[in-house]
Amino acid sequence: MLKPTHFVVAARVTLVLGGLAVAVLALGPFQGAERMVGLNDKAAHAIAFGGLLAVSFLAFPRMRRNDLAIAALVLGAGVEVAQLFGGRSASLLDWIADAAGVVTIYGASMIETVRKLVREQGDKTFAEIAALDRRQARRRPAVAFAPAETATAEMLPAQASFAQRAARHFPVR
């Protein structure tokens, strides 16, 4: 029976094979090979890194899209640096083409998020939506200074320190 995890496995295999293909084409002696399929250099960079990002979204469903996009940009920069040392021509414009492909796919992936916000919370401001975010409730506010609590009669047993609870059970004679 086909399960969603099968798509994840297939996407991971595709990502590895696609990454290897991009590495071989970018670092090997195949400069200008993209012209055989009717692409220029910049379009090939954008399609390659956009495609890798799209597949990585499916290959790693629990990772944040931001992190995957940053990883794709770092990979593109790494390829350009490797080309510099490998006897090929490295270009900032090639990395910008990589970034254009990444930004295109990332932007397309955000469309569904915006659609969901419009459907579920279209009448609220972004500040109100952020206040309702359950993930924010888990975070504790950073406290620079917390005043020491004094032992009071109203203090619940769970709030008392170990020493205070022990003093109640074993009074000094």
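These legends walk through several close-up views of a predicted model.

**View 1. The whole chain is built from helices.**
Welcome to the structure: this predicted protein has 7 helices and 0 strands. Reading from the N terminus, the order of elements is α-α-α-α-α-α-α. The protein holds 173 residues, and buried ones make up 20% of them. The views that follow pick out a few places along this chain.

**View 2. Helices α2 and α4 pack against each other.**
Here we look at α2, which covers residues 41-59, and at α4, which covers residues 92-121. The two pack with their axes 7 Å apart, at an angle of about 40°. Angles from 35 to 65 degrees count as oblique, so α2 and α4 are oblique to each other. As for handedness, the crossing in which α2 passes α4 is right-handed.

**View 3. Ala-54 sits in helix α2.**
Staying with α2, this view centres on Ala-54, a residue of that helix. Is Ala-54 buried or exposed? Its relative accessibility is 34%, so Ala-54 counts as partly exposed. Follow the chain for 47 residues from Ala-54 and you reach Gly-101. In space, the C-alpha atoms of Ala-54 and Gly-101 are separated by 9.8 Å.

**View 4. A nonpolar patch lies on the surface.**
Five names are worth finding here: Val-9, Val-13, Val-16, Leu-17 and Leu-20 together form a nonpolar patch on the surface. Their accessible area comes to about 470 Å² together. One of these residues, Val-13, belongs to helix α1, which spans residues 4-27. Val-13 has a relative accessibility of 47% and therefore counts as partly exposed.

**View 5. Asp-67 and Arg-64 meet in a salt bridge.**
We now turn to charged side chains, with a count of 5 salt bridges for the model. In this view the side chains of Asp-67 and Arg-64 come together, 3.1 Å from N to O. How much of each partner is accessible? Asp-67 is partly exposed, because its relative accessibility is 30%. Arg-64 is exposed, because its relative accessible area is 55%.

**View 6. Glu-112 has two arginine partners, Arg-115 and Arg-119.**
Let us begin with Arg-115, whose side chain meets that of Glu-112 in a salt bridge of 3.4 Å, N to O. Both residues lie in helix α4, where Arg-115 and Glu-112 are 3 residues apart, about one turn of the helix. Arg-119 also forms a salt bridge with Glu-112, and the closest N and O atoms of this pair are 3.5 Å apart. Glu-112 is partly exposed, because its relative accessible area is 43%. Arg-115 is partly exposed too, with a relative accessible area of 49%. For Arg-119 the relative accessible area is 51%, so this residue is exposed.

**View 7. Asp-41, Lys-42 and Asp-94 belong to one salt-bridge network.**
Which residues do shared salt-bridge partners join into one network? They are Asp-41, Lys-42 and Asp-94. As you look at this view, recall that α2 covers residues 41-59 and α4 covers residues 92-121.

Conventions. Residues are numbered from 1 along each chain as its sequence is written. This is a predicted model: local features need pLDDT of at least 70, side-chain atom pairs count only at pLDDT 80 or more; totals for chains, interfaces and linings use all residues. Side-chain values use heavy atoms; hydrogens and water are left out. Helices (H or I, at least four residues) and strands (E, at least two) are DSSP runs, numbered from the N terminus. Buried means under 20% relative accessible area, exposed over 50%, partly exposed in between (1.4 Å probe, protein chains only). Patches are made of residues with over 30% relative accessible area and no salt bridge: like charges are joined within 9 Å, nonpolar side chains (Val, Leu, Ile, Met, Phe, Trp, Tyr) within 5 Å. Accessible areas come from the Shrake-Rupley method with a 1.4 Å probe; for residues, only the protein chains shown count as cover. A salt bridge is a side-chain nitrogen of Lys or Arg within 4 Å of a carboxyl oxygen of Asp or Glu. Axes are lines fitted to C-alpha atoms, for helices over the stretch in contact, and angles run from 0 to 180 degrees between N-to-C directions. Angles under 35 degrees count as roughly parallel, over 145 as roughly antiparallel, 65 to 115 as roughly perpendicular and the rest as oblique. A crossing is left-handed if the near helix is turned anticlockwise from the far one by less than a right angle, and right-handed if clockwise.
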